[in-house]
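Reader: I'd like to learn how to read a structure like this one. Could you take me through it feature by feature?

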Amino acid sequence: MNELNDIVLSPDPRLAQECAPVETIDDEVRALAKRMLKTMYAADGCGLAGPQVGEMRQIVVIDVDWAGKGSKKNPYVLINPEVVVADGPERTGSEGCLSFPGVSVSVTRPSHVVVRARNLDGDLMQYEASDNLMAVCLQHEIDHVHGVTMFDHLAPLARAEAEREYQVALAAGARPGDTEVEG
Ligand code: ZN
């Protein structure tokens with residue numbers, strides 16, 4: 001599973017950097033999307049963002065229907081995604097991240113989002129999700145292209161606790177995909 005070696009792990013500073021918009025959707029970008037999807041599926045993640053494979057560009061791949069080998073794939077590729085609406089009652093749920101193997105944390109986010117992004121054909125698409133994994137995953141992945149991780153959503157004490165837990169998991173040899181739902 002050498003795809004897992006592609007994944008950038010916290011505390012790599014690239015995970016805290018703003019990514020540049022994609023200027024042209026060409027074959028190179030399409031190849032990158034393909035590589036990201038391959039890595040995401042290999043790690044059993046439901047999403048992956050550019051900086052998580054060291055590509056500091058605003059590109060995100062998502063598949064919330066993926067349930068492991070043999071299941072049906074339903075991949076989305078979002079280029080230069082933008083959250084245009086984030087509202088509705090806040091929801092707290094458990095999140096994992098391929099860049100933080102072995103830990104999951106409780107994150108509170110708006111329950112409803114509308115996102116605009118280009119697809120690989122360059123068409124401007126709109127995605128709407130409410131109270132489901134897609135709503136969480138869209139926000140989690142789009143955070144990544146702005147240098148924001150799930151740990152950044154935690155209050156200081158919870159964050160310190162999560163950092164400790166993560167160090168323990170890493171020391172125990174945790175690999176991307178070791179927690180249940182990861183982006
Ligand atoms: Zn993540």
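Reader: Let's start on the outside: what does the accessible surface of the chain come to, and how much of it belongs to carbon and sulfur atoms?

Author: Accessible areas come from the Shrake-Rupley method with a 1.4 Å probe, and for residues only the protein chains shown count as cover. Here the chain has about 8800 Å² of accessible surface, with 50% of it belonging to carbon and sulfur atoms. Before we go on, keep in mind that this is a predicted model, where local features need pLDDT of at least 70, side-chain atom pairs count only at pLDDT 80 or more, and totals for chains, interfaces and linings use all residues. Residues are numbered from 1 along each chain as its sequence is written, and side-chain values use heavy atoms, leaving out hydrogens and water.

Reader: Fine. Which helices and strands does the chain have, and in what order do the elements run?

Author: Helices (H or I, at least four residues) and strands (E, at least two) are DSSP runs, numbered from the N terminus. You'll find 3 helices and 5 strands in the chain, and from the N terminus on they run α-β-β-β-β-β-α-α. The radius of gyration is 15 Å, close to the 16 Å that the globule rule gives for 183 residues, so the chain is as compact as a globular protein of that length. That radius is taken over C-alpha atoms, and the rule is 2.2 Å times the number of residues to the power 0.38. Along the principal axes, the C-alpha atoms fill a box of roughly 45 × 40 × 35 Å.

Reader: How many of the residues are buried, in per cent?

Author: Buried means under 20% relative accessible area, exposed over 50%, and partly exposed in between (1.4 Å probe, protein chains only). By that yardstick, 46% of the 183 residues in the chain are buried.

Reader: And what do the contacts say about residues that are apart in sequence?

Author: Contact means heavy atoms within 4.5 Å. Take the contacts between residues at least 6 apart in sequence: 65% of them join residues at least 24 apart.

Reader: What about charge: how many positive and negative side chains are there?

Author: Lys and Arg count as positive, Asp and Glu as negative, while His and the chain ends are not counted. Each charge is placed at NZ of Lys, CZ of Arg, CG of Asp or CD of Glu. The chain has 16 positive side chains and 29 negative ones, with the centres of the two sets 5 Å apart.

Reader: Now the rings. How many aromatic pairs does a search of the whole structure find?

Author: A pair of aromatic rings is described by the distance of the centres and the angle of the planes. Rings of Phe, Tyr and Trp (its six-membered ring) pair if their centres lie within 6.5 Å; planes under 30 degrees apart count as stacked, over 60 as edge-to-face and the rest as tilted. The search finds 5 aromatic pairs. In one of them, Phe100 and Tyr166 have ring centres 5.4 Å apart and planes at 55°, so the pair is tilted. Phe100 sits in the loop between strand S3 (76–96) and strand S4 (104–118), and Tyr166 in helix H3 (residues 156–171), so the pair ties together parts that are 66 residues apart in sequence. Both Phe100 and Tyr166 are buried.

Author: Tyr166 also forms an edge-to-face pair with Phe151, at 6.4 Å centre to centre and 90° between the planes. Phe151 is in the loop between helix H2 (133–145) and H3, 15 residues from Tyr166. Phe151 counts as buried at 0% relative accessibility. Ring pairs thus link Phe100, Phe151 and Tyr166 into a cluster.

Reader: Staying with helix H3, what is Ala169 in contact with?

Author: Leaving aside neighbours within four places in sequence, Ala169 in helix H3 is in contact with Pro101, Gly102, Val103 and Ala174. Ala169 counts as buried, at 13% relative accessibility.

Reader: And at the other end, where is Glu3, and which residues does Glu3 touch?

Author: Glu3 is in the segment before helix H1 (27–42). Not counting residues up to four places away in sequence, Glu3 touches Lys38, Thr39 and Ala42. Glu3 is buried, with a relative accessible area of 17%.

Reader: Last one, the backbone: which residues does a cis peptide bond join?

Author: Ser10 and Pro11, with omega about 10°; Pro11 is also in the segment before H1. Then check phi: Asn80, in strand S3, has a positive phi of about 50° although it is not a glycine. Asp131, in the loop between strand S5 (124–130) and H2, has a positive phi near 55°. Asn80 is partly exposed at 23% relative accessibility, and Asp131 is partly exposed at 48%.
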